[in-house]
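Please look through the sequence and the model shown here before reading on. The paragraphs that follow walk through the structure step by step.

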Amino acid sequence: MADLTSPGNESIAVLTQAIRPLFADAADSAVREASLEKYLGNPVAFKSTAELLASVGLVAVDATGAVTAVSQASSGSTNDDTEAGARCTDPLEDIKVAVLASLKTALKKQENQVLVEAEARNGPPKVGTQCVRNNCSNTYENEESTTKGCRYCPGEPVFHEGYKYWSCCDKRKTFDFEEFLAFPGCEQTDSCKWFKDETDVVEQKQCRFDWFQTPGDVVVSIFAKCIDPDQTTIQANANTLKVKFVYERTSTFELDLHLGGNVVVDKSSATLMSTKVDIKLKKADGGHWSGLEFNKE
(Lines give C-alpha, C1' and ligand atoms only; values in the text may rest on other atoms or scores of the structure.)
Protein backbone atom coordinates (compact mmCIF):
# COMPACT_ATOMS: atom_id res chain seq x y z
CA MET A 1 0.00 0.00 0.00
CA ALA A 2 1.29 3.45 -0.86
CA ASP A 3 2.72 5.50 2.01
CA LEU A 4 0.98 8.91 1.89
CA THR A 5 1.93 10.07 5.38
CA SER A 6 4.96 12.17 4.38
CA PRO A 7 4.03 14.73 1.70
CA GLY A 8 6.94 15.97 -0.40
CA ASN A 9 7.13 19.34 -2.13
CA GLU A 10 6.96 17.84 -5.62
CA SER A 11 3.89 15.76 -4.77
CA ILE A 12 2.21 18.81 -3.22
CA ALA A 13 2.96 20.74 -6.41
CA VAL A 14 1.30 18.00 -8.53
CA LEU A 15 -1.86 18.08 -6.39
CA THR A 16 -1.92 21.88 -6.53
CA GLN A 17 -1.62 21.83 -10.32
CA ALA A 18 -4.50 19.35 -10.59
CA ILE A 19 -6.79 21.52 -8.43
CA ARG A 20 -5.66 24.93 -9.74
CA PRO A 21 -8.16 25.11 -12.67
CA LEU A 22 -10.98 25.36 -10.11
CA PHE A 23 -9.82 28.80 -8.93
CA ALA A 24 -7.34 30.00 -11.57
CA ASP A 25 -9.59 32.82 -12.81
CA ALA A 26 -10.34 34.20 -9.34
CA ALA A 27 -8.93 37.64 -8.53
CA ASP A 28 -7.17 36.19 -5.47
CA SER A 29 -5.95 33.02 -7.20
CA ALA A 30 -2.39 33.48 -5.92
CA VAL A 31 -3.63 33.71 -2.32
CA ARG A 32 -5.83 30.65 -2.79
CA GLU A 33 -2.93 28.69 -4.25
CA ALA A 34 -0.71 29.59 -1.29
CA SER A 35 -3.47 28.52 1.14
CA LEU A 36 -3.96 25.25 -0.75
CA GLU A 37 -0.23 24.44 -0.61
CA LYS A 38 -0.22 25.15 3.13
CA TYR A 39 -3.27 22.88 3.57
CA LEU A 40 -1.64 20.06 1.60
CA GLY A 41 1.38 20.26 3.87
CA ASN A 42 -0.76 18.57 6.54
CA PRO A 43 -0.23 14.78 6.15
CA VAL A 44 -3.92 13.96 6.77
CA ALA A 45 -5.11 16.56 4.22
CA PHE A 46 -2.44 15.44 1.74
CA LYS A 47 -3.44 11.77 2.03
CA SER A 48 -7.18 12.35 1.59
CA THR A 49 -6.67 14.74 -1.34
CA ALA A 50 -4.22 12.43 -3.12
CA GLU A 51 -6.56 9.44 -2.72
CA LEU A 52 -9.54 11.44 -4.02
CA LEU A 53 -7.73 12.77 -7.10
CA ALA A 54 -6.23 9.33 -7.81
CA SER A 55 -9.70 7.77 -7.65
CA VAL A 56 -10.95 10.01 -10.48
CA GLY A 57 -7.83 9.57 -12.60
CA LEU A 58 -6.31 13.06 -12.22
CA VAL A 59 -3.11 11.85 -10.53
CA ALA A 60 -1.28 8.59 -9.96
CA VAL A 61 0.29 7.37 -6.71
CA ASP A 62 3.13 4.85 -6.74
CA ALA A 63 4.12 2.38 -4.04
CA THR A 64 6.44 4.90 -2.35
CA GLY A 65 3.66 7.48 -2.03
CA ALA A 66 5.02 9.77 -4.75
CA VAL A 67 2.27 11.58 -6.66
CA THR A 68 2.54 12.26 -10.39
CA ALA A 69 0.21 13.94 -12.86
CA VAL A 70 -1.62 11.46 -15.07
CA SER A 71 -0.10 13.18 -18.10
CA GLN A 72 3.33 12.18 -16.73
CA ALA A 73 2.37 8.77 -15.39
CA SER A 74 2.60 5.47 -17.18
CA SER A 75 -0.88 4.68 -18.44
CA GLY A 76 -2.28 1.71 -20.28
CA SER A 77 -4.84 3.94 -22.03
CA THR A 78 -3.58 5.61 -25.18
CA ASN A 79 -5.19 7.30 -28.15
CA ASP A 80 -4.89 5.21 -31.31
CA ASP A 81 -4.65 8.27 -33.57
CA THR A 82 -1.84 9.69 -31.43
CA GLU A 83 0.11 6.43 -31.61
CA ALA A 84 0.28 6.83 -35.38
CA GLY A 85 2.48 9.86 -34.77
CA ALA A 86 1.47 11.73 -37.91
CA ARG A 87 0.77 15.42 -37.49
CA CYS A 88 -2.31 16.48 -39.44
CA THR A 89 -1.50 18.56 -42.52
CA ASP A 90 -5.03 19.88 -43.09
CA PRO A 91 -5.37 23.69 -43.17
CA LEU A 92 -5.87 25.32 -39.77
CA GLU A 93 -9.35 26.64 -39.02
CA ASP A 94 -10.28 29.54 -36.75
CA ILE A 95 -11.78 28.58 -33.40
CA LYS A 96 -14.81 30.60 -32.25
CA VAL A 97 -13.74 33.25 -29.72
CA ALA A 98 -15.96 34.91 -27.11
CA VAL A 99 -14.89 38.05 -25.20
CA LEU A 100 -16.16 38.40 -21.64
CA ALA A 101 -17.19 41.73 -20.08
CA SER A 102 -14.32 41.46 -17.58
CA LEU A 103 -11.79 41.74 -20.39
CA LYS A 104 -13.61 44.67 -22.02
CA THR A 105 -13.50 46.50 -18.68
CA ALA A 106 -9.80 45.72 -18.20
CA LEU A 107 -8.97 46.95 -21.72
CA LYS A 108 -10.85 50.20 -21.06
CA LYS A 109 -8.86 50.75 -17.87
CA GLN A 110 -5.65 50.04 -19.77
CA GLU A 111 -6.62 52.59 -22.42
CA ASN A 112 -7.34 55.20 -19.74
CA GLN A 113 -4.03 54.46 -18.04
CA VAL A 114 -2.19 55.05 -21.32
CA LEU A 115 -3.81 58.49 -21.58
CA VAL A 116 -2.93 59.32 -17.96
CA GLU A 117 0.68 58.29 -18.49
CA ALA A 118 0.90 60.32 -21.69
CA GLU A 119 -0.26 63.42 -19.84
CA ALA A 120 2.02 62.74 -16.87
CA ARG A 121 5.15 62.58 -19.01
CA ASN A 122 5.12 66.36 -19.12
CA GLY A 123 5.65 66.55 -15.36
CA PRO A 124 6.68 64.48 -12.33
CA PRO A 125 4.79 61.25 -11.61
CA LYS A 126 2.00 61.27 -9.06
CA VAL A 127 2.86 60.42 -5.45
CA GLY A 128 2.48 56.68 -4.98
CA THR A 129 3.32 55.77 -8.59
CA GLN A 130 5.21 52.46 -8.58
CA CYS A 131 8.29 51.72 -10.66
CA VAL A 132 7.24 49.82 -13.81
CA ARG A 133 10.26 47.51 -13.76
CA ASN A 134 9.54 43.94 -12.69
CA ASN A 135 10.05 43.13 -9.01
CA CYS A 136 10.97 46.70 -7.99
CA SER A 137 8.80 47.86 -5.08
CA ASN A 138 9.92 51.52 -5.08
CA THR A 139 7.21 54.18 -5.30
CA TYR A 140 7.50 57.88 -6.13
CA GLU A 141 7.23 60.07 -3.04
CA ASN A 142 9.13 63.25 -3.97
CA GLU A 143 12.00 64.49 -6.11
CA GLU A 144 14.48 62.44 -4.08
CA SER A 145 12.76 59.28 -5.32
CA THR A 146 14.35 59.83 -8.74
CA THR A 147 17.83 59.27 -7.29
CA LYS A 148 17.06 56.00 -5.51
CA GLY A 149 18.68 52.87 -6.85
CA CYS A 150 16.41 50.39 -8.61
CA ARG A 151 16.78 46.62 -8.09
CA TYR A 152 14.65 44.70 -10.57
CA CYS A 153 14.28 41.50 -12.60
CA PRO A 154 14.49 41.94 -16.41
CA GLY A 155 12.78 38.59 -16.95
CA GLU A 156 9.20 37.43 -16.41
CA PRO A 157 7.48 35.68 -13.47
CA VAL A 158 7.12 31.93 -14.01
CA PHE A 159 4.61 29.68 -12.22
CA HIS A 160 5.22 26.06 -13.15
CA GLU A 161 4.25 22.87 -11.33
CA GLY A 162 3.93 24.78 -8.05
CA TYR A 163 7.30 26.51 -8.35
CA LYS A 164 7.45 30.31 -8.46
CA TYR A 165 10.51 32.12 -9.84
CA TRP A 166 11.77 34.76 -12.30
CA SER A 167 12.95 33.63 -15.73
CA CYS A 168 16.13 35.73 -15.43
CA CYS A 169 17.25 34.03 -12.21
CA ASP A 170 15.66 30.57 -12.39
CA LYS A 171 18.05 28.97 -9.92
CA ARG A 172 16.16 30.76 -7.15
CA LYS A 173 12.77 29.01 -6.82
CA THR A 174 10.17 28.62 -4.10
CA PHE A 175 6.77 27.07 -3.50
CA ASP A 176 5.79 29.96 -1.20
CA PHE A 177 4.14 32.95 -2.89
CA GLU A 178 5.11 35.45 -0.17
CA GLU A 179 8.75 34.36 -0.40
CA PHE A 180 8.59 34.75 -4.19
CA LEU A 181 7.30 38.34 -3.83
CA ALA A 182 10.15 39.11 -1.43
CA PHE A 183 12.92 37.98 -3.83
CA PRO A 184 15.31 40.90 -4.46
CA GLY A 185 15.92 41.92 -8.07
CA CYS A 186 18.90 40.41 -9.83
CA GLU A 187 19.97 43.61 -11.64
CA GLN A 188 20.47 47.17 -10.46
CA THR A 189 20.38 50.60 -12.07
CA ASP A 190 20.71 54.16 -10.72
CA SER A 191 17.07 55.23 -10.86
CA CYS A 192 13.56 53.85 -11.23
CA LYS A 193 11.42 54.01 -14.34
CA TRP A 194 8.01 55.51 -13.61
CA PHE A 195 6.35 55.16 -17.04
CA LYS A 196 6.57 52.73 -19.92
CA ASP A 197 8.21 54.21 -23.00
CA GLU A 198 5.79 55.43 -25.64
CA THR A 199 7.99 53.71 -28.21
CA ASP A 200 7.97 50.33 -26.41
CA VAL A 201 7.84 47.73 -29.19
CA VAL A 202 5.92 44.48 -29.03
CA GLU A 203 8.21 41.69 -27.82
CA GLN A 204 7.60 37.98 -27.55
CA LYS A 205 7.33 36.59 -24.03
CA GLN A 206 6.40 33.36 -22.31
CA CYS A 207 3.07 32.88 -20.53
CA ARG A 208 2.17 30.16 -18.07
CA PHE A 209 -0.38 27.66 -19.33
CA ASP A 210 -2.11 24.62 -17.83
CA TRP A 211 -4.63 22.07 -19.04
CA PHE A 212 -7.15 19.59 -17.79
CA GLN A 213 -9.54 17.13 -19.40
CA THR A 214 -13.05 15.77 -19.01
CA PRO A 215 -14.45 12.72 -20.81
CA GLY A 216 -15.50 14.92 -23.74
CA ASP A 217 -13.16 17.94 -23.76
CA VAL A 218 -9.65 19.20 -23.22
CA VAL A 219 -9.33 22.72 -21.78
CA VAL A 220 -6.11 24.72 -22.22
CA SER A 221 -5.76 27.83 -20.06
CA ILE A 222 -3.15 30.46 -20.97
CA PHE A 223 -2.60 33.12 -18.32
CA ALA A 224 -2.09 36.67 -19.61
CA LYS A 225 -3.73 39.99 -18.71
CA CYS A 226 -5.49 42.34 -21.13
CA ILE A 227 -5.33 40.17 -24.25
CA ASP A 228 -6.23 42.24 -27.33
CA PRO A 229 -9.12 40.48 -29.12
CA ASP A 230 -8.26 42.30 -32.37
CA GLN A 231 -4.75 40.83 -32.29
CA THR A 232 -5.67 37.30 -31.27
CA THR A 233 -5.57 34.23 -33.52
CA ILE A 234 -6.58 30.78 -32.26
CA GLN A 235 -6.57 28.02 -34.88
CA ALA A 236 -6.61 24.24 -34.99
CA ASN A 237 -6.97 21.18 -37.16
CA ALA A 238 -7.46 17.55 -36.11
CA ASN A 239 -4.38 17.42 -33.85
CA THR A 240 -2.69 20.82 -33.99
CA LEU A 241 -3.37 23.94 -31.91
CA LYS A 242 -1.81 27.30 -32.75
CA VAL A 243 -2.30 30.42 -30.65
CA LYS A 244 -0.96 33.93 -31.08
CA PHE A 245 -1.99 37.10 -29.27
CA VAL A 246 -0.83 40.49 -28.00
CA TYR A 247 -1.38 41.29 -24.33
CA GLU A 248 -0.71 44.30 -22.08
CA ARG A 249 -0.12 46.36 -25.25
CA THR A 250 3.53 45.46 -25.74
CA SER A 251 3.86 41.70 -25.23
CA THR A 252 3.11 38.88 -27.64
CA PHE A 253 2.74 35.15 -27.02
CA GLU A 254 2.78 32.22 -29.44
CA LEU A 255 1.98 28.55 -28.88
CA ASP A 256 2.16 25.65 -31.35
CA LEU A 257 1.13 22.23 -30.04
CA HIS A 258 0.99 18.79 -31.63
CA LEU A 259 -1.91 17.56 -29.55
CA GLY A 260 -2.02 14.24 -27.73
CA GLY A 261 -5.33 13.31 -29.38
CA ASN A 262 -7.76 14.37 -32.11
CA VAL A 263 -10.27 17.21 -31.78
CA VAL A 264 -13.32 18.53 -33.61
CA VAL A 265 -12.55 22.14 -34.53
CA ASP A 266 -16.07 23.37 -35.29
CA LYS A 267 -17.25 22.16 -31.88
CA SER A 268 -14.36 23.80 -30.05
CA SER A 269 -14.35 27.33 -28.63
CA ALA A 270 -12.23 29.90 -26.80
CA THR A 271 -13.10 32.49 -24.15
CA LEU A 272 -11.03 35.62 -23.54
CA MET A 273 -11.11 36.87 -19.93
CA SER A 274 -9.34 39.67 -18.09
CA THR A 275 -6.49 37.44 -16.86
CA LYS A 276 -6.44 34.46 -19.22
CA VAL A 277 -7.86 32.67 -22.26
CA ASP A 278 -9.57 29.30 -21.96
CA ILE A 279 -9.53 27.10 -25.09
CA LYS A 280 -12.05 24.26 -24.94
CA LEU A 281 -11.21 21.54 -27.46
CA LYS A 282 -13.84 18.93 -28.24
CA LYS A 283 -12.39 15.42 -28.25
CA ALA A 284 -13.06 13.61 -31.52
CA ASP A 285 -13.69 10.23 -29.94
CA GLY A 286 -13.69 10.75 -26.19
CA GLY A 287 -11.34 8.61 -24.19
CA HIS A 288 -8.45 9.59 -21.95
CA TRP A 289 -5.45 11.52 -23.29
CA SER A 290 -2.11 10.48 -21.80
CA GLY A 291 -0.84 14.05 -22.27
CA LEU A 292 -1.70 17.40 -23.79
CA GLU A 293 1.05 17.00 -26.37
CA PHE A 294 1.91 14.01 -28.53
CA ASN A 295 4.74 11.99 -27.02
CA LYS A 296 7.05 10.47 -29.64
CA GLU A 297 8.55 7.98 -27.22
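**Strands, helices and the loops between them**

Strand 3 and strand 12, the latter covering residues 227-236, run antiparallel and are joined by 2 bridges. The model in which this pairing appears is a predicted one. Within the pairing, E93 has A236 of strand 12 as its bridge partner, and A236 in turn has L241 as its bridge partner in strand 13. Strand 12 is also joined to strand 13, residues 240-247, by 6 bridges, and these two strands run antiparallel. Here T232 stands opposite F245 of strand 13, and the connection between strand 12 and strand 13 is a hairpin that passes through 3 residues.

These strands belong to an open sheet of 5 strands with mixed pairing, in which the order is 3-12-13-14-9. Strand 3 and strand 9 stand at the edges of this sheet with a single partner strand each, so one side of each is left without a neighbour in the sheet.

Just ahead of strand 3 in the chain is a loop that deserves attention. C88 lies in this loop, between helix 4 (80-84) and strand 3 (93-94). If neighbours within four places in sequence are left aside, C88 is in contact with N237, A238, N239 and T240. For one of these residues, N237, the separation from C88 is 149 residues in sequence, whereas the C-alpha to C-alpha distance is 7.0 Å.

On the other side of the hairpin, the loop between strand 13 and strand 14 (251-258) holds R249. The backbone of R249 has a positive phi of about 70 degrees, although R249 is not a glycine. R249 is partly exposed, because its relative accessible area is 34%. A positive phi of about 70 degrees is found also at N135, again not a glycine, and N135 is placed in the loop between helix 5 (101-120) and strand 5 (150-152).

A further open sheet, likewise of 5 strands and with mixed pairing, has the order 4-15-16-11-10. Its edge strands are strand 4 (96-99) and strand 10 (209-213), each of which pairs on one side only. When direction is ignored, neighbouring strands of this sheet are turned against each other by 15 degrees on average. At one end of the strand order, strand 10 and strand 11 (residues 217-223) run antiparallel and are joined by 5 bridges, and the bridge partner of D210 in strand 11 is S221.

What surrounds R208, which is placed in the loop between strand 9 (203-204) and strand 10? Apart from its neighbours within four places in sequence, R208 is in contact with R20, F159, H160, S221, I222 and F223. The C-alpha atoms of R208 and S221 are 8.5 Å apart in space, and the two residues are 13 residues apart in sequence. R208 is partly exposed, because its relative accessible area is 21%.

The helices can be taken up next, beginning with a pair that pack together. Two packed helices are described by the angle between their axes and the distance between the axes. The axes of helix 1 (residues 9-19) and helix 2 (residues 29-40) come within 10 Å and cross at roughly 135 degrees, which means that helix 1 is oblique to helix 2. The crossing in which helix 1 passes helix 2 is right-handed. On the side of helix 1 the contact is made by I12, L15, T16 and I19, and on the side of helix 2 by E33, L36, E37 and L40. By character, the residues of this contact divide into 5 nonpolar, 1 polar and 2 charged.

Which residues of helix 1 are buried? They are S11, I12, A13, V14, L15, T16 and I19. The cover over the buried residues of helix 1 includes helix 2, helix 3 (43-55), strand 1 (59-61) and strand 2 (67-69).

Finally, the chain can be viewed as a whole. The protein chain has 6 helices and 16 strands, and 37% of its 297 residues count as buried. Among contacts in the protein chain with a separation of 6 or more, 62% are accounted for by residues 24 or more positions apart.

Key
Residues numbered from 1 in each chain as written. Predicted model: local features only at pLDDT ≥ 70, side-chain atom pairs only at ≥ 80, totals over all residues. Heavy atoms only, no water. Axes fitted to C-alpha atoms, helices over the stretch in contact; angles between N-to-C directions. Helix = DSSP H or I, 4+ residues; strand = E, 2+ residues; numbered from the N terminus. Parallel < 35°, antiparallel > 145°, perpendicular 65-115°, else oblique. Left-handed = near helix turned anticlockwise from the far one by under 90°. Contact = heavy atoms within 4.5 Å. Nonpolar A, V, L, I, M, F, W, Y, C, P; charged D, E, K, R; others polar. Pairing = 2+ DSSP bridges. Buried < 20%, exposed > 50% of the residue type's maximum accessible area, 1.4 Å probe, protein only.
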